[in-house]
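Open your viewer and get ready to select residues. This tour goes stop by stop.

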Amino acid sequence: MPKRDGCPICGEPTQSEFKPFCSRGCKDRDLLQWLGEGYRVPGEAVDPNAQTGLDTGRDPD
Ligand SMILES: [Zn+2]
C-alpha cells in the first residue's frame with residue numbers, strides 16, 4: 001500500500017532521525033530554502049552555507 005508521508009523534498013521514506021525528512025541533506029535543503037525566504041532582506045547578506053549552527057554535530061552512528 002502506498003505511503004503518503006515521505007520526505008517532502010524527494011519523497012523518500014522518512015527517517016525518524018531526520019523527521020519528517022529522509023536524510024540530513026533533505027532536512028538542510030528544506031531549512032536553507034526556508035531561511036532563503038526569510039533572509040531575503042535588503043542590507044542583510046547572509047550566506048546559507050554559513051548557517052551550520054543547526055547541526056548539533058551528532059553522528060547517527
Ligand atoms: Zn529526502
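Two residues are in contact when heavy atoms of theirs lie within 4.5 Å. Keep that cut-off in mind, for it explains a first example. Select Cys-26. Setting aside neighbours within four places in sequence, Cys-26 is in contact with Cys-7, Ile-9, Cys-10 and Phe-21. Remember as you go that this is a predicted model.

**Stop 1: the whole chain**

Zoom out and show the chain as a cartoon. You will find one helix and zero strands. The helix is H1, covering 24-38. Now colour by burial. The chain has 61 residues, and 10% of them are buried. Next, think about contacts with a separation of 6 or more. Of these, 13% join residues 24 or more positions apart.

**Stop 2: the zinc ion**

Select the zinc ion. Which protein atoms are its donors? They are the SG atoms of Cys-7, Cys-10, Cys-22 and Cys-26. Each lies 2.3 Å from the zinc ion. Look at the angles among the four donor atoms: they run from 102 to 116°. The site is tetrahedral. For reference, the ideal angle for four tetrahedral donors is 109.5 degrees.

Now read along the sequence. The donor residues follow the spacing C-x2-C-x11-C-x3-C. Cys-7 and Cys-22 both sit in the segment before helix H1, so this pair ties together parts that are 15 residues apart in sequence.

What does the record say? An unreviewed UniProt entry lists Cys-7, Cys-10, Cys-22 and Cys-26 under "binding site". These residues span 20 residues in sequence, yet no two of their C-alpha atoms are more than 8.1 Å apart, so they gather at one spot.

With several cysteines here, how many disulfides does a search of the whole structure find? The count is zero. A disulfide would be a covalent bond between the sulfur atoms of two cysteines.

**Stop 3: the four cysteines, one by one**

Start with Cys-7. Is Cys-7 buried or exposed? It is buried, with a relative accessible area of 5%.

Move to Cys-10, in the segment before H1. Cys-10 is partly exposed, at 41% relative accessible area. Leaving out neighbours within four places in sequence, Cys-10 is in contact with Cys-22 and Cys-26.

Select Cys-22 next. Like Cys-7, Cys-22 is buried. Show what touches Cys-22, again ignoring residues up to four places away in sequence. You should see Cys-7, Cys-10, Glu-12, Pro-13, Thr-14 and Gln-15.

Return to Cys-26. This donor is found in helix H1. Its relative accessibility is 7%; the limit for buried is under 20%, so Cys-26 counts as buried.

**Stop 4: the nonpolar core**

Select Cys-7, Phe-18, Phe-21, Cys-22 and Cys-26 together. These five residues make up the largest nonpolar core. Notice the overlap with your earlier selection: Cys-7, Cys-22 and Cys-26 are also donors of the zinc ion.

**Stop 5: a cis peptide bond**

Go to Lys-19 and Pro-20. Is the peptide bond from Lys-19 to Pro-20 cis or trans? It is cis, with omega near 0°. Lys-19 is in the segment before H1, and Pro-20 is in that segment too.

Stay on Lys-19 and check its surface. Lys-19 is exposed, with a relative accessible area of 64%. Then draw a C-alpha to C-alpha distance from Lys-19 to Cys-7. The two are twelve residues apart in sequence and 8.2 Å apart in space.

**Stop 6: Pro-8**

Finish at Pro-8, found in the segment before H1. Pro-8 is exposed, with a relative accessible area of 52%. What does Pro-8 touch, not counting residues up to four places away in sequence? Its partners are Pro-20 and Phe-21. So Pro-20, from the cis bond, appears again here.

Draw two last distances, C-alpha to C-alpha. From Pro-8 to Cys-26 is 8.4 Å, across 18 residues of sequence. From Pro-8 to Lys-27 is 9.2 Å, with the two 19 residues apart in sequence.

Definitions and conventions
Residues numbered from 1 in each chain as written. Predicted model: local features only at pLDDT ≥ 70, side-chain atom pairs only at ≥ 80, totals over all residues. Heavy atoms only, no water. Donors = N, O, S within 2.8 Å, 3.2 Å for Na, K, Ca; no water. Tetrahedral: all angles 85-135°; square planar, octahedral: opposite > 155°, others 65-115°. Helix = DSSP H or I, 4+ residues; strand = E, 2+ residues; numbered from the N terminus. Buried < 20%, exposed > 50% of the residue type's maximum accessible area, 1.4 Å probe, protein only. UniProt positions renumbered as here; feature names shortened; annotations may be inferred. Core = buried A, V, L, I, M, F, W, Y, C linked by side-chain atoms within 4.5 Å. Disulfide = S-S within 2.5 Å.
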